[in-house]
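Thanks for making the time; I would like to walk you through one structure, and I will keep to what can be computed from its atoms. Please have the sequence and the model open while I talk.

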Amino acid sequence: MAENRPRFTDNNDGTITDNLTGLMWAKEDSWQMEARWLSWDEASEYAKNMAYQKLAGYNDWRLPEKEEMLILIDPDHCIQDKYGKDMKMNPVFPNGPLATVWTADGVGSDGYIVNFTLGKADVLYKSKSGRMAVRVVRGTKMSERPSQR
């Protein structure tokens, strides 16, 4: 039955499927995969590169929308970030990511970041000094889905 289905499925190919949204996420963020921080522009290039490299055989990886990233915040579970601090994320994702990640959304020179330690989104200047990670996603964007009304 559908109600007994777990929220996430580890596809054992470097990806995790969210059974609630149908989105497929990279199991590891850019910090875990490359051990480097990224500016917003670098995060955008990283997503394009994951598509080009066909992570798990797919070529449609992208930066997640703010709402997509926020839906990964899980106040009932914790994993440890790269510094050993708790972050609100399902343990299907491995320990060791950065707690703050870029999203595709923003206005002008400001971009949205999601902080999994605090469990919220914030605005940050997309400068070269704003160093975060990114967790790429694929699937129909939440903003392009029919309203659930």
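**From a loop to the core**

Let me begin with Lys-85, which is exposed, with a relative accessible area of 53%, where exposed means over 50%, buried under 20% and partly exposed in between, with a 1.4 Å probe and protein chains only. Before going on, I should say that this is a predicted model, in which local features need pLDDT of at least 70 and side-chain atom pairs count only at pLDDT 80 or more, while totals for chains, interfaces and linings use all residues. Residues are numbered from 1 along each chain as its sequence is written, and side-chain values use heavy atoms, with hydrogens and water left out.

Lys-85 is found in the loop between strand S4 (79-80) and S5; helices (H or I, at least four residues) and strands (E, at least two) are DSSP runs, numbered from the N terminus. Not counting residues up to four places away in sequence, Lys-85 touches Ile-79 and Gln-80, contact meaning heavy atoms within 4.5 Å. From Lys-85 to Gly-96 the C-alpha distance is 9.4 Å, at 11 residues apart in sequence.

The next loop, between strand S5 (86-87) and strand S6 (100-107), holds Pro-94, which is partly exposed at a relative accessible area of 22%. Apart from neighbours within four places in sequence, Pro-94 is in contact with Lys-27, Glu-28, Gln-32 and Ile-79, and its C-alpha atom is 7.3 Å from that of Lys-27, although their positions lie 67 residues apart along the chain.

So much for Pro-94; what does Phe-93 contact, leaving aside its neighbours within four places in sequence? The list is Phe-8, Ile-16, Trp-25, Ala-26, Lys-27, Leu-72, Ile-79 and Arg-135, and at 1% relative accessibility Phe-93 counts as buried. In the largest nonpolar core, which has 20 residues, Phe-93 is among those that touch the most other members, together with Trp-25, Met-69, Leu-72, Met-89 and Phe-116. Such a core is a set of buried Ala, Val, Leu, Ile, Met, Phe, Trp, Tyr and Cys residues joined through side-chain atoms within 4.5 Å. A second, separate core has 17 residues, including Ala-26, Ala-47, Leu-55 and Ile-113.

**Rings and charges**

Rings of Phe, Tyr and Trp (its six-membered ring) pair if their centres lie within 6.5 Å, with planes under 30 degrees apart counted as stacked, over 60 as edge-to-face and the rest as tilted; by this rule there are 2 aromatic pairs. Phe-8 and Phe-93 have ring centres 5.5 Å apart and planes at 75°, so the pair is edge-to-face. This pair links distant parts of the chain, 85 residues apart, with Phe-8 in strand S1 (residues 8-10) and Phe-93 in the loop between S5 and S6. Phe-8 is buried too, at a relative accessible area of 9%.

For Trp-31 and Trp-37, the centres are 4.7 Å apart and the planes are at 35°, so that pair is tilted. Trp-31 counts as buried at 16% relative accessibility, whereas Trp-37, at 37%, counts as partly exposed.

The charged end of Arg-138 sits over the ring of Tyr-58, 3.7 Å from its centre, and Lys-66 lies over the face of Tyr-112, at 4.1 Å from the ring centre; the rule asks for NZ of Lys or CZ of Arg within 6 Å of the ring centre and within 35 degrees of the ring normal.
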